[in-house]
Structure formats: C-alpha cells, structure tokens
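Reader: Hi! Could you walk me through this one? I'd like to start with how you decide that two residues touch.

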Amino acid sequence: MRLLIKNGYVIDPAQGVNTGQSLLIEDGRVVGLSSHSDPIPSETEVFDATGLIVAPGLIDMHVHLREPGQEYKETIASGAAAAVAGGFTTVCAMPNTSPVNDNAAVTRFVIEQAERAGLADVLPIGSITKNLEGTELAEMGEMKDAGIVAVSDDGRPVPSAGIMRRAMEYARGFDLPLIDHCEDKSLARGGTMHEGHWSIVLGMRGMPAAAEEVDAIRDCALAELTGARVHLAHVSTRGALEAVRRAKQNGLAVTCEVAPHHWTLTDEAVQDYDSNTKMSPPLRTQDHIDAILEGLRDGTVDAIASDHAPHHADEKELEFDQAPFGIVGLETSIGLALDRLVNEGVITLERLVELCSTNPARILKLQDRGTLTTGARADVTIIDPAMTWTFDVSRSKSKSRNTPFNGYRFRGGVVATLVAGRLLHLHPDYSRLTDHAVSSSVG
C-alpha cells in the first residue's frame, strides 16, 4: 500500500528537517519527502495533514505492561492500544512481571504477545538480576538474542555498588544500556511521598531527595569506572539532574529521562490523600520541578518517558500508605508535554520530537526508528499543537484508571498514529479528518 501524508510540517531532528513537506510511505517503509506541489503518485491514498506536525513515531522507553502475571491490571494488547492512542509507535516494557523477564523464554513471550496484538511495537527490557533480587546477574546475552533492548531492575534498585559494577561491565559486553531506578532503599524505605513540608503536615513518612541523588551519583561514578552506557530512569530531583549534567560534561555515556507528572504536579497535590498522586519517585517540590524544566531546556534531559504503571481500582482505593505506587500515563504524556512545555515556551516542537523519538531511538540503538529518512520503518505520529481536548479516563484504552489527570483539558494532542505504515489511531474528536482519504485500518 502507498500512502502520501500531504501538506504537513515535517519535524525530524535526526535529518535536520524542520519544514513543510509531504511524506510518501510504501509497504511499511518511508519512500521519501517531497514538495507539497509535487504530483501525487498514481494509486496512492492521501492523508491531508494541513496545519499538522508530522514526526517520526514516538518511543516511550519506560512502561509497565504487567503481562505475564498481572493481566487484571494490564495486558500487552491493552497497553499497546493505549500506546497508539497516545501517539506512541514503540514502547519498552519493564521486566517486573510475574514471572520476571530474566530469561529468554519470557522475553520471547512478550514479543509474541505484542506481535499478536498488532498495535504498537513492544520491545522488552530484561532484568539486571535474577528475579530482581539484586544478588545474581541475569543471563543478559540470552535475553539479548531473544530481543531485549536494555536491562533494568526498575522498581527494585540494585542496592550493592559491587553488583552494579559487575552488571555494568556485563551489559557493556553485550552493548546493552543499563537503566536504573535511582533509590537508596535504606533512606527511602517506608516512605510514601516526598520528605518535606507536606509530609510533615500530612503525617506521612517521607522519601528524601537524597535517596535518589545518592544512587544517581553512584551510578555516574560506576559509569566512569566501567565505560558502560547508563540511563537514569524518571529523574525527579535537582541533585540527580546535576549528577547527570556533570557526567555529560565529563564525556560519560550517561543519559536520563523525566516523566510528565514530575514537571506537572508538586507534593502539595498529595494533601487530599488521593492515591493517584502516589508514585515512585514521589512528586517533589517546585524547586525540583524548576530543575527538571531547566534540564529539558539545556539538554541535560535526553528523553521523556511516561512510566505508565497501571493498577486495579481496588488496589488504588486502599489507604494512601497501603496503595501501590504509580499511575497510567501513555495517553496523557504527549498532551502534558505539548500543553505544559511547548505551549508555555519551555521547549520547542523540534526539541519535543528529539525527547520523544530521536533520542530514545539513539539511546536504544534502534537503527530504523526515530527518523523519517528513506528506508526507515514508517512509524509516524501526527500532532496538532493547537488542538484542545479533555482526557476522559473512562474512554482510556488501558485496563486501569489510576490517573490524577482525568478531566484535564489540554492544548495540543495527537491526531493520528501510524505503525509500519498502518494507520492504527485517529483521534475520535478530530472531525476535520472525516472527509480525507485515509487507510481503513483504524482500530
């Protein structure tokens, strides 16, 4: 099938493209870019993208899809559906499933389930240690052969610097990035929110910023020692960002991501004891938000990741200190980025595409993604930065509903998502597209 996305404004930082052009796709691959005035090839479907941004498919480096083992919260199919609804063509699934993705069999299972769903691509992340126990290294080589793109013990950080050093050396041997949830459990254990004014007012046990910063500094030091590629997940504190900034200045292969809730909400949001404001790392103070915004502006931050963490309603309805950490985020991530970052002048649209597509592809070495260059896989996200819409969690594609952003009104959103040339999502409220000749494969 041949599809022409015509009259759009193409942003592709990997090619240095930031201009009005049309994009031709055939058989799931990019044929090339052309002038709007060029004739339309015969037997070509046309998607009129007038006034819209055409970007390489967005990549979320950090999601929890719960399958295998916790399918009552999310399945790979439902998570992949939420991904395309949120503009993501590729997502990376963390290994804290049941059983843990610490072996090739689980890795293959995740890939097969994603292929069966036929929606967003799901790339598995293998565990650093067996069963996430932090003691014995998992078989990274076998998992890489099966299809993992990185390793992480996300949610249960490796406590021993000695084990982490060995893990970095082992991962480097297989050219795998190591992704770490930076949290010193001896400082954070038992905490339910950020340690500070609001934890005292609310009578909650706090998790100090230092718990994240100690591990971030450790990981950067070990990256220098081992030469490994190290990526810090969902960075939320000023000190952790400063550790990354220094590591970059010293030429280390250290990268990091931030999550939308950490630049949007402060710990003051916890005052109603709403468990949808409970996440790990916790919501921080405005000073930490300011540091995140600075990192997004100056290039310290490499990627935006949702940390999509679905939980059943019964679990989130427990008392705040008993409820699990985490919120769903695949369908609100880009809305928050456009509304709170682009439209408020924190970053440009080009920088947003870099954070959500170009850089994740580079960090994970996904050679044919994160770009619209000729021959690349035809993963495309089409965005309207001026569209207004309201998130209604009851219409979410995810199986879970744990979000603090239900009812939020956004300016800027995803209009359409194409995976390997297939149009899998078209925003239901975007009526101006009804007269366009588009693919009939919308799900």
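Author: Happy to! Contact here means heavy atoms within 4.5 Å. Please keep in mind that this is a predicted model.

Reader: Great, let's use that right away. What do the buried residues of α8 pack against?

Author: They pack against α7 (209–226), β15 (230–232), β16 (254–258) and α10 (286–298).

Reader: And which residues of α8 are buried?

Author: A240, L241, A243, V244, R245 and A247 are buried in α8. An α-helix has 3.6 residues a turn, so residues three or four places apart point the same way.

Reader: What span should helix α8 have, and what does it have?

Author: Helix α8 covers residues 238–249, and at 1.5 Å a residue its twelve residues should span 16 Å. The end C-alpha atoms of α8 are 16 Å apart, so the two agree.

Reader: What about G251, which follows α8?

Author: G251 has a positive phi, near 80 degrees.

Reader: Let's zoom out. How many helices and strands are there in the chain?

Author: The chain has 13 helices and 20 strands.

Reader: How does its radius of gyration sit with a compact globule?

Author: The two agree: for 443 residues a compact globule would have a radius near 22 Å, and the chain has 21 Å. Along its principal axes, the C-alpha trace spans about 65 × 45 × 40 Å.

Reader: What share of the residues counts as buried?

Author: That would be 62% of the 443 residues. The accessible surface of the chain is about 16,100 Å², and 47% of that belongs to carbon and sulfur atoms.

Reader: And what share of the contacts joins residues at least 24 apart?

Author: Taking contacts between residues at least 6 apart in sequence, 75% join residues at least 24 apart.

Reader: Sheets next. What is the strand order in the open sheet of four strands?

Author: The order is β5-β4-β1-β6, and the pairing is mixed. At the edges stand β5 (29–34) and β6 (45–48), each with a single partner strand, so one side of each has no neighbour in the sheet. Neighbouring strands here are turned by 20 degrees against each other on average, ignoring direction.

Reader: Do β1 and β4 pair in the parallel or antiparallel sense?

Author: Antiparallel: strand β1 (residues 2–6) and strand β4 (residues 22–26) pair over four bridges. One example is L4, whose bridge partner in β4 is L24.

Reader: And in the open sheet of three strands, what's the order?

Author: That one runs β8-β9-β10, with parallel pairing. The edge strands are β8 (58–63) and β10, each pairing on one side only. The twist averages 25 degrees from one strand to the next. Between β8 and strand β9 (residues 88–93) there are four bridges, and D60 has V91 as its bridge partner in β9.

Reader: Now backbone oddities. Where are cis peptide bonds found?

Author: One goes from E67 to P68, with omega near 10 degrees, and P68 is in the loop between β8 and α1 (76–85). Another joins S98 and P99, with omega about 10 degrees. P99 lies in the loop between β9 and α2 (104–117).

Reader: Why would you flag those, or a positive phi?

Author: Most residues other than glycine have a negative phi, and most peptide bonds are trans.

Reader: Fair enough. What is the phi of D175, then?

Author: Phi of D175 is positive, about 55 degrees, although D175 is not a glycine. It lies in the loop between α4 (161–173) and β12 (178–180). Y273 also has a positive phi, near 60 degrees, and is in the loop between α9 (260–264) and α10.

Reader: How accessible is each of those two?

Author: D175 is partly exposed at a relative accessible area of 35%, and Y273 is partly exposed at 42%.

Reader: Last topic: is I128 buried or exposed?

Author: I128 is buried, with a relative accessible area of 0%, though it is found in a loop, between β10 (121–124) and α3 (140–146). Beyond its neighbours within four places in sequence, I128 contacts several residues, including L137, M140, V158 and A167. The C-alpha atoms of I128 and A167 are separated by 6.7 Å, with their positions 39 residues apart along the chain.

Reader: And what does S333 touch?

Author: Leaving aside neighbours within four places in sequence, S333 is in contact with F88, P260, I304 and S306. S333 sits in helix α12 (residues 333–342) and is buried, with a relative accessible area of 2%.

Notes
Residues numbered from 1 in each chain as written. Predicted model: local features only at pLDDT ≥ 70, side-chain atom pairs only at ≥ 80, totals over all residues. Heavy atoms only, no water. Pairing = 2+ DSSP bridges. Helix = DSSP H or I, 4+ residues; strand = E, 2+ residues; numbered from the N terminus. Axes fitted to C-alpha atoms, helices over the stretch in contact; angles between N-to-C directions. Rg over C-alpha atoms; globule rule 2.2 N^0.38 Å. Buried < 20%, exposed > 50% of the residue type's maximum accessible area, 1.4 Å probe, protein only. Areas by Shrake-Rupley, 256 points an atom, 1.4 Å probe, with all protein chains shown as cover. Expected span 1.5 Å × (residues − 1).
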